[in-house]
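Colleague: I would like to go through this model slowly, one question at a time, and hear the reasoning behind each answer. Could we start from the overall layout and then move inward?

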Amino acid sequence: MKTSIYGALAGMIFMGVPAVAQETAPFGTDEDADYAAQLWEVMTGLGLVGEGAMQAAPYPGTDPHGMMLQTFYTDAEVAGHRGALVVKRNYGPEGVTVDEVLADPAAHLGAVTIMFRRAQDYDPETGNWFYAKYLPDGTLDRNPADMALAGLVGKGADAGCIACHQAAGGDDYLFTTDADLTVAVE
């Protein structure tokens with residue numbers, strides 16, 4: 001059941017995108033997957049993901065993320081660069097309660113979605129955000145074209161991470177906070 005809820009993003013990523021654009025999508029490369037793996041290790045070390053991860057009060061969510069969410073805002077260093085990091089744990093299935101998530105988070109975790117602000121020259125057009133969607137074990141989720149969901153996911157598409165977060169308004173690409181996420185670029 002988790003697959004149907006959390007697979008929604010994967011299925012939406014290429015809606016309305018011509019086949020040629022899909023073949024040259026700016027995400028899912030080996031480099032993106034390697035960077036995402038480094039980021040997972042950093043998040044594990046910070047207690048944001050993995051066994052024994054810190055907990056917070058879940059709040060109601062919606063597709064494509066999950067019916068209950070936990071969101072953490074911090075900064076992290078990956079490959080010598082320090083940037084803002086947003087970690088969203090996505091829980092389900094539909095109807096799951098706060099108490100159920102808190103009692104057994106692992107049983108209800110469907111995915112972990114993140115945004116990490118990379119260096120100023122990563123992709124200024126999209127706020128320099130790197131996106132990834134991980135399965136609970138830290139492996140990257142994949143779209144129907146078998147591309148890893150890491151990097152500039154949905155850039156130039158009508159749906160997907162970037163398309164949705166650009167609609168958030170403002171220049172931070174975030175829906176849930178007006179927090180100051182400025183971090184010195186190293």
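Colleague: In what pattern do the helices and strands follow one another along the sequence?

Modeller: Please keep in mind that this is a predicted model. The protein has seven helices and six strands. Read along the sequence, their pattern is α-α-α-α-β-β-β-α-α-β-β-β-α.

Colleague: What share of the residues in the protein is buried?

Modeller: A residue is called buried when its relative accessible area is under 20%. The protein has 186 residues, and the buried share of them is 47%.

Colleague: Which element gives the most residues to the largest nonpolar core?

Modeller: This core has 27 residues, and L39, M43, L85, V87, I114 and Y134 are those that touch the most other members. Two or more residues come from each of β2 (68-78), β3 (81-91), β4 (109-117), β5 (129-134) and α4 (30-45). With five residues, the element that gives the most is α4.

Colleague: How does the arrangement of the buried residues around the axis of α4 look, and within what arc do they fall?

Modeller: In α4 the buried residues are D32, Y35, A36, L39, W40 and M43, whereas D30, E31, E41 and G45, on the other side, are exposed. An α-helix has 3.6 residues a turn, so residues three or four places apart point the same way. The buried residues of α4 therefore line one face of the helix, as they fall, seen down its axis, within an arc of 150°.

Colleague: How far apart are the end C-alpha atoms of α4?

Modeller: The helix α4 has 16 residues, and at 1.5 Å a residue they should span 22 Å. The distance in the model agrees with this expectation, because the end C-alpha atoms of α4 are 23 Å apart.

Colleague: Which elements cover the buried residues of α4?

Modeller: One residue gives a first impression: leaving aside its neighbours within four places in sequence, Y134 is in contact with residues that include A36, L39, W40 and M43, and these four are among the buried residues of α4. For the buried residues of α4 taken together, the cover includes β2, β3, β4, β5 and β6 (150-151).

Colleague: How many bridges join β4 to β3, and how many pair it with β5?

Modeller: On one side of the pairing list, N90 has A111 in β4 as its bridge partner, and R117 has W129 in β5 as its partner. Both pairings are antiparallel, with β3 and β4 joined by seven bridges, while β4 and β5 pair over six.

Colleague: How many of the nine residues of β4 are buried?

Modeller: The strand β4 is largely enclosed by the rest of the structure. That conclusion rests on a count over its nine residues, because the number of them that are buried is eight.

Colleague: Which peptide bond is cis?

Modeller: The place to look is the loop between β3 and α5 (98-103), where P93 is found. Omega is near 5° for the bond that leads into this proline, and the cis bond is the one from G92 to P93.

Colleague: Is A79 buried or exposed?

Modeller: A79 lies in the loop between β2 and β3, and its phi is near 50°, a positive value in a residue other than glycine. Exposed means over 50% relative accessible area. The value for A79 is 61%, so this residue is exposed.

How values were computed:
Residues numbered from 1 in each chain as written. Predicted model: local features only at pLDDT ≥ 70, side-chain atom pairs only at ≥ 80, totals over all residues. Heavy atoms only, no water. Core = buried A, V, L, I, M, F, W, Y, C linked by side-chain atoms within 4.5 Å. Buried < 20%, exposed > 50% of the residue type's maximum accessible area, 1.4 Å probe, protein only. Contact = heavy atoms within 4.5 Å. Pairing = 2+ DSSP bridges. Expected span 1.5 Å × (residues − 1). Arc of directions from axis to C-beta.
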